[in-house]
Amino acid sequence: MAIIASNFKTNHTRKSTATFIEELNSFLDEKSISSDVYVFPTATSLDEFNTVSNLTLGVQNAYATAKGSFTGEIGTEQLDEFGIKTILIGHSERRHILKESQEEITKKFNFYKELGYTIIYCIGEPLEVKEQGLEKTLEYLYEQFVGIDTNYENLILAYEPVWAIGTGVTATNNDIKAVHSAIKQKISKPLLYGGSVKVANVREICSIDGVDGTLIGTASWVVEDFKQIIENTKDL
Ligand code: PEP
């Protein structure tokens with residue numbers, strides 16, 4: 001069963017998120033689609049959505065706290081209000097733009113792990129590492145597992161090459177296959193690919209050995225496209 005996840009990043013309003021979720025939910029229900037679908041809206045758009053059991057709402061980020069004095073952050077007290085039990089951790093935009101260190105990421109991982117959250121844990125290498133070849137790429141990726149319990153039962157991994165995120169450049173099938181099979185040999189958890197996946201290539205990518213689904217940004221923000229992505233992978 002494919003796992004298909006949408007990361008809204010800093011897109012959609014509270015209103016347009018509600019419309020998106022409602023439409024997506026009806027689609028999954030009417031078509032009896034059984035793929036595991038995740039949507040990560042902005043924190044300001046969270047709400048008590050009434051969804052089918054295979055549609056899960058998660059949060060793109062939260063602080064490792066229940067509540068407290070952490071200006072600009074949210075904690076589990078805010079997430080509990082909406083029944084959120086799923087979180088993205090380690091996304092490349094948080095690592096590279098927001099400068100989250102592996103130490104901070106580990107702390108966050110452990111905090112949300114203790115609470116039983118489903119964690120989609122993202123790893124990925126920048127272009128200059130990719131250009132040094134597979135061995136260096138894997139070395140870099142394994143560094144991103146330092147401090148992370150890869151046996152955690154509610155863990156889903158996402159391999160997202162930094163150079164492929166939001167660039168329109170997708171990794172080649174061979175690159176994806178090589179990295180996924182290496183990671184799969186070490187860690188037996190669902191492993192998503194992310195990085196410029198779209199309607200036209202999602203089926204091919206999700207059919208690669210070792211790819212259990214996909215985490216999508218840009219191409220998932222128009223609900224018709226996201227529905228088509230789910231449709232294209234529903235039997236995988
Ligand atoms: C992402 O943000 O996780 C992502 C894969 O983005 P995009 O699909 O836009 O490359």
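Here is a short chat about the ligand and two helix pairs in this predicted model.

Guide: Residues are numbered from 1 along each chain as its sequence is written. In this predicted model, local features need pLDDT of at least 70, side-chain atom pairs count only at pLDDT 80 or more, totals for chains, interfaces and linings use all residues, and side-chain values use heavy atoms, with hydrogens and water left out.

Visitor: What makes the pairing of Glu160 with the ligand a polar contact?

Guide: A polar contact is a pair of N or O atoms within 3.5 Å. An oxygen atom of the ligand sits 2.6 Å from an N or O atom in the Glu160 side chain, so that pair counts. For the Lys9 side chain the value is 2.8 Å, and for Asn7 it is 3.3 Å.

Visitor: How much of the ligand does the protein cover?

Guide: 99% of the 290 Å² of accessible area that the ligand has on its own, using the Shrake-Rupley method with a 1.4 Å probe.

Visitor: Why is H6 called oblique to H7?

Guide: Helices here are DSSP runs (H or I, at least four residues), numbered from the N terminus. H6 (residues 134-143) and H7 (residues 173-186) pack at about 50°, with axes 11 Å apart. Under 35 degrees is roughly parallel, over 145 roughly antiparallel, 65 to 115 roughly perpendicular, and the rest oblique. Therefore H6 is oblique to H7.

Visitor: And why are H1 and H9 called roughly parallel?

Guide: H1 (residues 14-30) and H9 (residues 223-233) pack at about 30°, with axes 10 Å apart, so they count as roughly parallel.

Key: A polar contact is a pair of N or O atoms within 3.5 Å; within protein, one must be able to donate a hydrogen and the other to accept it, and residues adjacent in sequence count only if both atoms are side-chain atoms. Axes are lines fitted to C-alpha atoms, for helices over the stretch in contact, and angles run from 0 to 180 degrees between N-to-C directions. Helices (H or I, at least four residues) and strands (E, at least two) are DSSP runs, numbered from the N terminus.
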